[in-house]
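User: Hi! I have a protein model open and would like to walk through it with you. Could we go over it piece by piece?

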Amino acid sequence: MKRLLRLSLLPLLSMALAFSCQKIELPDGTADEDAQNATGGGNGASPSLDTSNALTVTEAMQRAADGSEVVIKGYIVGYTTTSMNNVVFSIPDDKPNTNMLLSDNPDEYDELCCLPVELPTTGRNLRGLLNIYDHPEYFNQYIAIQGKLTTYFRVVGLKSPTAFAFIAPPENSGGGNESGSGDNESGGGDEEEDDKGQGGSEGEEEKPDNPPTDGKNYPQISDSLTIIAGR
């Protein structure tokens, strides 16, 4: 009787084993994780990145390239191909950029105002996460990134980055460019002053050596024009 009971249970045991050996498919969260990492979320260090003491590009460039750990914030304005004499202020059209340039000005076109940042494939693969060939939407975005302040492309730069986060830009963003155009306007003003100065000089030449003394009030040359002409 016991033997018959065992034989009757064998088919049930076989079916149970067959179902238990099937592979269980788990949801793949890799894509979501990459997306979170790219925006400063996920398992990366970016969510805990402290940006309260982040340096601007100008501040970082004024420091010594001694390998100290810093956080730098700035606009992604381009990349360089071989040196800081070969910078590109646009999105690459053939392959991912291996580095990126940060600036305090979103409309920067002066390599002297840019700080290069290495984008390595090791570690978190920041090249894959941040290159503007695969992520053109990051061009001109304001970012904070942590790494070592050291010499890169023979200038002060950031290497071995470990964390990043896109942050809100300063309210006076682009002030550097406006101030630059202001300088140009001021330069134009100088030209206008020069023109006025030349006019003043001509006025001085036309001014009679001995003004009339008949008691009438004749118009006099403006003192301000005389001062400008003397510059």
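User: Which residue in β5 is the bridge partner of V70?

Analyst: Happy to help! This is a predicted model, in which local features need pLDDT of at least 70, side-chain atom pairs count only at pLDDT 80 or more, and totals for chains, interfaces and linings use all residues. Residues are numbered from 1 along each chain as its sequence is written, and side-chain values use heavy atoms, with hydrogens and water left out. Strands β1 (residues 68-80) and β5 (residues 142-152) run antiparallel and are joined by eight bridges; two strands pair if DSSP finds at least two bridges between them, and strands (E, at least two residues) and helices (H or I, at least four) are DSSP runs numbered from the N terminus. Within β5, V70 has as its bridge partner G147.

User: And what is the bridge partner of K148 in β6?

Analyst: β5 also pairs with strand β6 (residues 155-166), in the antiparallel sense and over nine bridges. The two form a hairpin with two residues between them, and F153 in the turn has a positive phi of about 55 degrees. Across this pairing, the partner of K148 is K159.

User: How many helices and strands does the protein chain have?

Analyst: Reading from the N terminus, the elements run α-α-α-β-β-β-β-α-β-β-α-α. The secondary structure therefore comes to helices and strands as DSSP runs, with totals of six helices and six strands.

User: Which element supplies the largest share of the largest nonpolar core?

Analyst: A nonpolar core is a set of buried Ala, Val, Leu, Ile, Met, Phe, Trp, Tyr and Cys residues joined through side-chain atoms within 4.5 Å. The largest one has 23 residues, and those with the most contacts inside it are I72, M100, L102, L115, L130 and I145. At least two residues each come from α3, β1, β3 (99-103), β4 (115-118), α4 (126-130), β5 and β6. The largest share, four residues, comes from β1.

User: Which residues does L130 touch, leaving out those up to four places away in sequence?

Analyst: Contact here means heavy atoms within 4.5 Å, and L130 is among the core residues with the most contacts inside the core. With that exclusion, L130 touches M100, L119, H135, Y138, I143, I145, F164 and F166.

User: Why is C114 in no disulfide with C113?

Analyst: A disulfide is a covalent bond between the sulfur atoms of two cysteines. Here it is defined as a pair of cysteine sulfur atoms within 2.5 Å, and a search of the whole structure finds zero. The sulfur of C114 cannot be paired because the closest cysteine sulfur, in C113, is too far for a bond, at 6.6 Å.

User: Is C114 buried or exposed?

Analyst: Buried means under 20% relative accessible area, exposed over 50%, and partly exposed in between (1.4 Å probe, protein chains only). C113 has 34% and is partly exposed. C114 has a relative accessibility of 2%, so C114 counts as buried.

User: With which side chain does the side chain of S52 make a polar contact?

Analyst: S52 lies in the loop between α2 (30-38) and α3 (57-61) and is exposed, with a relative accessible area of 57%. A polar contact is a pair of N or O atoms within 3.5 Å; within protein, one must be able to donate a hydrogen and the other to accept it, and residues adjacent in sequence count only if both atoms are side-chain atoms. At 2.7 Å, the partner side chain is that of D50.
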